[in-house]
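Visitor: Please take a close look at one pocket of this model, and describe the elements that surround it.

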Amino acid sequence: MTIHNLYIFDRNGNCLYYNEWNRKKQAGISKDEEFKLMYGMLFSIRSFVSKMSPLDMKDGFLSFQTSKYRLHYYETPSGLKFVVNTDLSVTNARDTLQHIYSNLYVEYIVKNPVCVLGHSLDSELFSSRLDAFIRALPYYSPRAA
Amino acid sequence: MSSDKFLQDYLHFTFIQSHIYELSRQRPTDRAVSVSVLEGMGFRVGQGLIERLTRDSPSFKDELDIMKFVCKDFWTKVFRRQIDNLRTNHQGTYVLQDNKFALLTQLSSGKQYLDQAPKYLAFSCGVVRGALSNLGLDSVVTAEVSVMPSCKFQVVIQKL
């Protein structure tokens with residue numbers, strides 16, 4: 001049971017934060033390209049989902065899974081996008097992502113006068129608290145299942 | 001209660017940040033002026049605050065009593081905690097140590113952004129100086145930070 005990595009994007013598509021805990025295989029492209037690819041995919045899949053939905057949509061796109069991992073998505077009303085890749089045993093990471101937003105991002109980035117919103121998140125305090133939070137999650141373990 | 005705390009913090013940060021933003025585009029000499037303007041604003045706020053807070057209290061026995069009041073009741077009302085450590089040389093100099101100073105907790109918990117800390121302390125120094133002045137003590141208040149969010153305020157009482 002594990003978390004592989006986490007991306008945070010702002011509403012313009014800039015990747016503000018990325019960290020990985022358990023990633024066995026890299027994408028084979030530069031980090032910049034990877035972020036662009038991830039954001040582009042999210043953008044397309046969200047508009048696809050809302051267009052093709054046979055019913056009225058509530059939350060829209062939430063997650064996708066492959067045979068090895070699941071990607072979870074959470075978007076805040078302010079346009080901030082949180083993406084986390086976990087293994088298949090984690091069915092719902094929405095609460096986790098929401099917690100990361102309201103208890104970590106808002107506390108340590110928004111309330112930090114030195115951090116300019118829209119720039120990449122440099123605060124070490126944020127980084128270390130996030131790391132501690134992830135490692136304390138019940139479904140985190142240092143070795144992949 | 002918690003939303004009012006947020007407003008107070010955020011207002012403080014934003015007004016410092018926008019005032020400070022001017023600082024970064026000015027020459028170093030003007031920067032000192034901006035910092036003293038912030039301190040002056042704090043002074044006026046401190047004076048007013050102390051009137052409200054001591055409205056119903058009896059008068060103080062001596063200087064040490066006043067400093068203890070500042071460390072306990074005043075600090076609790078304004079910065080939501082008490083001073084952790086008060087030291088004095090009994091000759092008018094006091095060092096107040098706050099290990100989790102409310103205005104620095106969100107900045108960092110170590111050395112990151114240490115150079116930015118003084119700007120965010122100027123207003124608070126003014127608040128302390130204003131409070132003491134309205135209690136009858138003229139002082140000079142400075143603050144120093146070596147590891148965030150722990151902060152030391154040095155108060156030197158001016159004798160006539």
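**The second largest pocket and its surroundings**

Guide: The second largest pocket holds about 490 Å³ of space, the volume being that filled by probe spheres set on grid points joined across faces, edges and corners. A pocket here is an open set of points on a 1 Å grid over the protein atoms alone, where a 1.4 Å probe fits and protein lies on both sides within 12 Å along at least five of seven lines; lining residues have an atom within 4 Å of a point. The model is predicted, so local features need pLDDT of at least 70 and side-chain atom pairs count only at pLDDT 80 or more, while totals for chains, interfaces and linings use all residues. Residues are numbered from 1 along each chain as its sequence is written, chains are lettered from A and ligands numbered from 1 in the order in which they are written, and side-chain values use heavy atoms, with hydrogens and water left out.

Twenty residues, 20 in figures, line this second largest pocket, and those that lie nearest its centre are B:Gln8, B:Val45, B:Leu49, B:Lys77 and B:Val78. At least two lining residues come from each of helix 1 (2–24), helix 2 (28–53), helix 3 (63–79) and helix 4 (117–134) of chain B, where helices (H or I, at least four residues) and strands (E, at least two) are DSSP runs numbered from the N terminus. Helix 1 of chain B supplies the largest share, 6 residues. By class the lining has 11 nonpolar, 3 polar and 6 charged residues, with Ala, Val, Leu, Ile, Met, Phe, Trp, Tyr, Cys and Pro counted as nonpolar, Asp, Glu, Lys and Arg as charged, and the others, Gly among them, as polar.

The chain around this pocket has 4 helices and 4 strands, and along the sequence chain B follows the pattern α-α-α-β-β-α-β-β. Its 4 strands form an open sheet with the order 1-2-4-3 and antiparallel pairing, two strands being paired if DSSP finds at least two bridges between them. Strand 1 (85–88) and strand 3 (139–144) of chain B are the edge strands, each pairing on one side only, and the twist from one strand to the next averages 15°. Strand 1 of chain B is joined to strand 2 (residues 93–98) by 4 bridges, and B:Arg87 has B:Val95 in strand 2 as its bridge partner.

Two of the helices that line the pocket also pack on this sheet. Helix 3 of chain B touches strand 1, strand 2 and strand 4 (151–157), and its direction makes about 15° with that of strand 2, whereas helix 4 of chain B touches strand 3 and strand 4, its direction making about 150° with that of strand 3. Contact means heavy atoms within 4.5 Å, and the angles run from 0 to 180 degrees between N-to-C directions of axes fitted to C-alpha atoms, for helices over the stretch in contact.

Over chain B as a whole, buried residues (under 20% relative accessible area, 1.4 Å probe, protein chains only) make up 40% of the 160 residues. Among contacts in chain B between residues at least 6 apart in sequence, 59% join residues at least 24 apart.

For comparison, the largest pocket has a volume of about 660 Å³, and of its 24 lining residues A:His4, A:Arg23, A:Lys25, A:Tyr69 and A:Asn85 lie nearest its centre.

Definitions and conventions. Buried < 20%, exposed > 50% of the residue type's maximum accessible area, 1.4 Å probe, protein only.
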